[in-house]
Amino acid sequence: MRLFDPQQAFDEIPADLAAMIRVGTVLSVDLAGARCVVRYGDPEGEDTAETPPIRWLAPRAGLTRVWSPPSVGEQVLLLAPDGQLGAAVALLGIVQDAFPPLGNSEAEAIEWADGAKITYDPTGHALTAILPADATAVIEALGGITLRGNVTIEGDLAVQGAVQVDETLTAAEDVIADEVSLTGHKHGGVQSGGSETQPPS
């Protein structure tokens with residue numbers, strides 16, 4: 001194993017550190033190839049250049065993988081080993097005027113281009129997920145899903161399968177089974193009057 005030589009490491013650093021670290025803006029994104037082209041230089045002048053298609057830094061890229069491609073116009077930090085832009089990597093996540101900060105509190109949030117947003121407020125202990133009006137959500141867990149706590153559903157609920165209720169089931173309006181209304185059905189074979197039918201058996 002070769003020992004670390006500080007002098008050699010220093011000698012290998014390019015004289016112009018600006019060749020290794022630059023700030024740029026994403027010009028185009030190749031989703032299929034997982035590459036992006038970054039423009040860097042003076043945006044107000046003519047001294048600008050573009051990288052070849054380069055990789056961007058992902059939070060994880062091993063057995064655990066995260067896919068979150070950059071956006072056109074997003075500001076990035078270019079890291080170019082030995083000053084070689086062909087081997088550069090774009091570090092995402094620099095806040096700028098075109099993409100201002102998403103929040104101004106301890107609450108953490110993720111927002112997508114269509115307005116979908118997931119937020120967690122550690123102070124208020126509140127998790128919120130808001131989707132656009134025409135968006136859908138699918139959770140698939142063939143081993144089962146467990147919800148603990150009171151659950152409120154605002155809207156219609158369709159269940160494709162058996163339902164088991166361990167305690168009281170309360171309906172504010174009606175319950176219909178095989179087109180028979182619980183509150184509006186009639187019993188035949190009885191005589192009207194003050195008598196009551198026997199309880200169900």
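In these legends, buried means under 20% relative accessible area, exposed means over 50%, and partly exposed covers what lies in between, with a 1.4 Å probe and protein chains only. Welcome to a predicted model, in which local features need pLDDT of at least 70, side-chain atom pairs count only at pLDDT 80 or more, and totals for chains, interfaces and linings use all residues. Residues are numbered from 1 along each chain as its sequence is written, and side-chain values use heavy atoms, with hydrogens and water left out.

**View 1. The whole chain holds one helix and 11 strands.**
Helices (H or I, at least four residues) and strands (E, at least two) are DSSP runs, numbered from the N terminus. Reading from the N terminus, you will meet the elements as α-β-β-β-β-β-β-β-β-β-β-β. Of the 201 residues in the chain, 11% are buried. The accessible surface, from the Shrake-Rupley method with a 1.4 Å probe and, for residues, only the protein chains shown counting as cover, comes to about 17400 Å², and carbon and sulfur atoms hold 53% of this area. Contact here means heavy atoms within 4.5 Å. Among the contacts with a separation of 6 or more, 35% are between residues 24 or more positions apart.

**View 2. Six strands make an open sheet with mixed pairing.**
Two strands pair if DSSP finds at least two bridges between them. Follow the strands across the sheet in the order E3-E2-E1-E5-E6-E4. Its edges are strand E3 (48-50) and strand E4 (55-56), each of which pairs on one side only. Within the sheet, strand E5 (residues 75-79) and strand E6 (residues 89-94) run antiparallel and are joined by four bridges. Look for Leu 78, which stands opposite Ala 90 in E6.

**View 3. The largest nonpolar core has 12 residues.**
A nonpolar core is a set of buried Ala, Val, Leu, Ile, Met, Phe, Trp, Tyr and Cys residues joined through side-chain atoms within 4.5 Å. The members are Val 26, Cys 36, Val 38, Tyr 40, Ile 54, Trp 56, Val 76, Leu 78, Ala 80, Leu 85, Ala 88 and Ala 90. Two elements, strand E2 (35-41) and E5, give two or more residues to this core. E2 gives the most, with three residues. Leaving aside neighbours within four places in sequence, Leu 78 is in contact with Met 20, Ile 21, Arg 22, Val 38, Tyr 40, Thr 51, Ile 54, Val 89 and Ala 90.

**View 4. Thr 51 lies in the loop between E3 and E4.**
At 5% relative accessibility, this threonine counts as buried. Beyond its neighbours within four places in sequence, Thr 51 is in contact with Cys 36, Val 37, Val 38, Tyr 40, Leu 78 and Leu 85.

**View 5. The structure holds one salt bridge.**
The term stands for a side-chain nitrogen of Lys or Arg within 4 Å of a carboxyl oxygen of Asp or Glu. Here the side chains of Glu 50 and Arg 39 meet at 3.6 Å, N to O. The pair links distant parts of the chain, with Glu 50 in strand E3 and Arg 39 in strand E2, 11 residues apart. Glu 50 is partly exposed at a relative accessible area of 45%, and Arg 39 is partly exposed at 40%.

**View 6. E7, E8 and E9 are linked by hairpins.**
Strand E7 (residues 108-111) and strand E8 (residues 117-121) run antiparallel, joined by four bridges. Glu 111 stands opposite Lys 117 in E8. Five residues separate E7 from E8 in their hairpin, and Gly 115 in the turn has a positive phi of about 100°. E8 also pairs with E9 in the antiparallel sense, over five bridges, and Ile 130 in E9 is the bridge partner of Lys 117. Four residues lie between E8 and E9, including His 125 in the turn, with a positive phi of about 55°.

**View 7. Leu 131 lies in the loop between E9 and E10.**
This leucine counts as partly exposed, at 43% relative accessibility. Leu 131 and Ala 116 are 15 residues apart in sequence and 4.4 Å apart in space, C-alpha to C-alpha. Setting aside neighbours within four places in sequence, Leu 131 is in contact with Ala 116, Thr 136 and Ala 137.
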